[in-house]
Amino acid sequence: MGMILCLNLLFKVAQLCLNKLMPAPKLYDTLSKSIKPLTQTKARDFGFYACGPTIYAEAHIGNFRTFVVQDTLRRVLELSGIKVKHVRNLTDVDDKTIRGAIAKAIPLAQFTQPWGEKFANDCQSLNLLPPHVEPSAVDHIPEQIDLVQTLIDKKIAYVGADQSVYFSINSFPNYGKLSGVDKIEINQSHHPSKSSSLDADEYDKDHISDFVLWKHRKDEDAEHFWQSPWGEGRPGWHLECSAMSLKHLPHGIDLHGGGVDLCFPHHDNEIAQSEAATGKPCAQHWFHSEHLMVEDQKMSKSLGNLYTLNQLNDTGYAPASVRYALLAGHYRKKLNFKFDLLKNAQNHLKQLGKYQQQLIDLSQSPATSYTELCVQSIDSLLINNPFASAWEALLNDLNTPEALGQTFLTLKQLDKQLKPNSLNTEQAKSYLKGLSLIIAAFGWDVTLTESETTADIPADIHALAEQRLQAKKDKDWGACDQLRDQITAQGWSIKDTPDGYELIPQN
Ligand code: AMP
Ligand code: ZN
């Protein structure tokens, strides 16, 4: 008995040590409103479904904030040893795509194809890992029709007076649990025959009603329709994600992502469709990223306040800098787009590239690539590694700003050892491994294009600026002033900006 107790104790201690070495990545879940670990069930891949773009125009960097954040999380999962199956759809039929095709008098596929290609090219420039499956709505019409039929058979959907098919939200008691609309009193009638916007794909919380699954053909659809048991028509927008996730992730969605604007109605409707059809949870974990803003308004096509990757590239900011800038704020907070963000990103990437090269030279070994790192044990890599705290920040609700702060603090330590040439080969190797891990997780391309010429901010100045930023957050004004003095004494001035700070060399 005593022996068994002793063994149990040993096992627990070993487990604790292991957990301490390798905490699982944790992430906020919009549904349970709590931070939960992300773990893989050994038997199958970790299913990650992300709502993709509507391919009717060039995606802007607001859209890409969401996709870059998702890519970074996928990297953290894969680097942690989790085998991910990433599915991201393409919306190639909806009001906007149809309007575009009609305006150009070309078939729908001919209209959407170049926008799909442009999106793929932009993703590549931003170093986004390609999803394992990229299904399109048009390629899944039979699957969508089958899903509608299942919901009709279960008496959860019905054919309306206008011959469109609707989901009856009163037949699904948990309707609205993700966004919380289940808690608000819905004054107007739910039934579409009493509502004017009954078959709109996009609507707000004031217009909650039964939502459309299959839209009966209208004059404005021209020749863009498909045959179905309910006549000619086309799928409603929300339907495609349920049909495609059920097909491509048949064991369920472990993690479902999208921008916060998709919570309602898109994701609440997706939950209703999938859960009503299968009786199983639609997703284990909901991951929503906040918006990229311009002067306190969401960057969006409708407001016209957008920037594309091409526009920024033409003004001298490569996609690598855009990627860095999009990760400068925490994904659960709005991020205000400013050119200062890009300028800082350029400087920081240049720094990172310089340190990486120095470490490569000193250790006489190459940087480790993303693919190599994915198959290495993260535990052994991080034992006593100077970049462990930067990595831990990424595991902790994908805290990218904290990880950046930790990375530059570590580089400041490194700088202290580089100057007197006191770093031995083994130490250089350890630094290089840790830095390679951080570079791989952030998906940085630290080799910048020629057009990006920047002021070279030394790591110690940058670290002082980061410490000052922290002191500001802690309202330690004495430390703030002291740190400003130290920065000034070394020939730099620091300017506070809404996003942090800007460092300017004094001539
Ligand atoms: P769309 O092409 O409009 O369907 O959007 C594609 C993705 O971009 C969705 O996940 C949206 O939530 C997201 N998105 C749209 N605008 C922004 C923005 N300003 N900031 C962050 N994500 C956005
Ligand atoms: Zn979706």
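This passage describes the overall fold of a predicted model and the surroundings of its two ligands.

The secondary structure of the chain amounts to 17 helices and 15 strands. Of its 507 residues, 54% count as buried. Links across the sequence are well represented: when contacts between residues at least 6 apart in sequence are considered, 75% join residues at least 24 apart. The chain has an accessible surface of about 23,100 Å², and carbon and sulfur atoms account for 53% of it.

With that general picture in place, attention can turn to ligand 1. The shell around this ligand holds 17 residues, of which Gly62, Thr66, Asp261, Leu292 and Met299 come nearest. Three of these nearest residues also make polar contacts with the ligand. Asp261 places a polar side-chain atom 2.6 Å from an oxygen atom of ligand 1. Leu292 takes part through its backbone, where a polar atom lies 2.8 Å from a nitrogen atom of the ligand. A polar backbone atom of Met299 is likewise 2.8 Å from a nitrogen atom of ligand 1. Taken alone, ligand 1 exposes 500 Å², and the protein buries 92% of that area.

Two elements, helix H2 (61-79) and strand E9 (255-259), each give two or more residues to the shell around ligand 1. Helix H2 gives the most, with four residues. In composition, the shell divides into nine polar, five nonpolar and three charged residues.

The second site holds a zinc ion (ligand 2). Which residues coordinate the zinc ion? The donors are the SG atoms of Cys51 and Cys241 together with NE2 of His266, at 2.0 to 2.2 Å. Along the chain, these donors follow the spacing C-x189-C-x24-H. Cys241 belongs to helix H6 (residues 237-248) and His266 to helix H7 (residues 263-278), so this pair ties together parts that are 25 residues apart in sequence.

Are these two helix-borne donors buried or exposed? Cys241 has a relative accessibility of 1% and therefore counts as buried, since buried means under 20% relative accessible area. His266 is buried as well, and its relative accessible area is also 1%.

Taken together, the two sites can be summarised briefly. Ligand 1 has 92% of its exposed area buried by the protein, with helix H2 giving the most residues to its shell. The zinc ion is coordinated by Cys51, Cys241 and His266, and the last two of these lie in helices H6 and H7.

Definitions and conventions
Residues are numbered from 1 along each chain as its sequence is written. Chains are lettered from A and ligands numbered from 1 in the order in which they are written. This is a predicted model: local features need pLDDT of at least 70, side-chain atom pairs count only at pLDDT 80 or more; totals for chains, interfaces and linings use all residues. Side-chain values use heavy atoms; hydrogens and water are left out. A residue is near a molecule or strand if one of its heavy atoms lies within 4 Å of it. A polar contact is a pair of N or O atoms within 3.5 Å; within protein, one must be able to donate a hydrogen and the other to accept it, and residues adjacent in sequence count only if both atoms are side-chain atoms. Accessible areas come from the Shrake-Rupley method with a 1.4 Å probe; for residues, only the protein chains shown count as cover. Ala, Val, Leu, Ile, Met, Phe, Trp, Tyr, Cys and Pro count as nonpolar, Asp, Glu, Lys and Arg as charged, and the others, Gly among them, as polar. Buried means under 20% relative accessible area, exposed over 50%, partly exposed in between (1.4 Å probe, protein chains only). Contact means heavy atoms within 4.5 Å. Donors are N, O and S atoms within 2.8 Å of the metal (3.2 Å for Na, K and Ca); water is not among the atoms, so sites may look incomplete.
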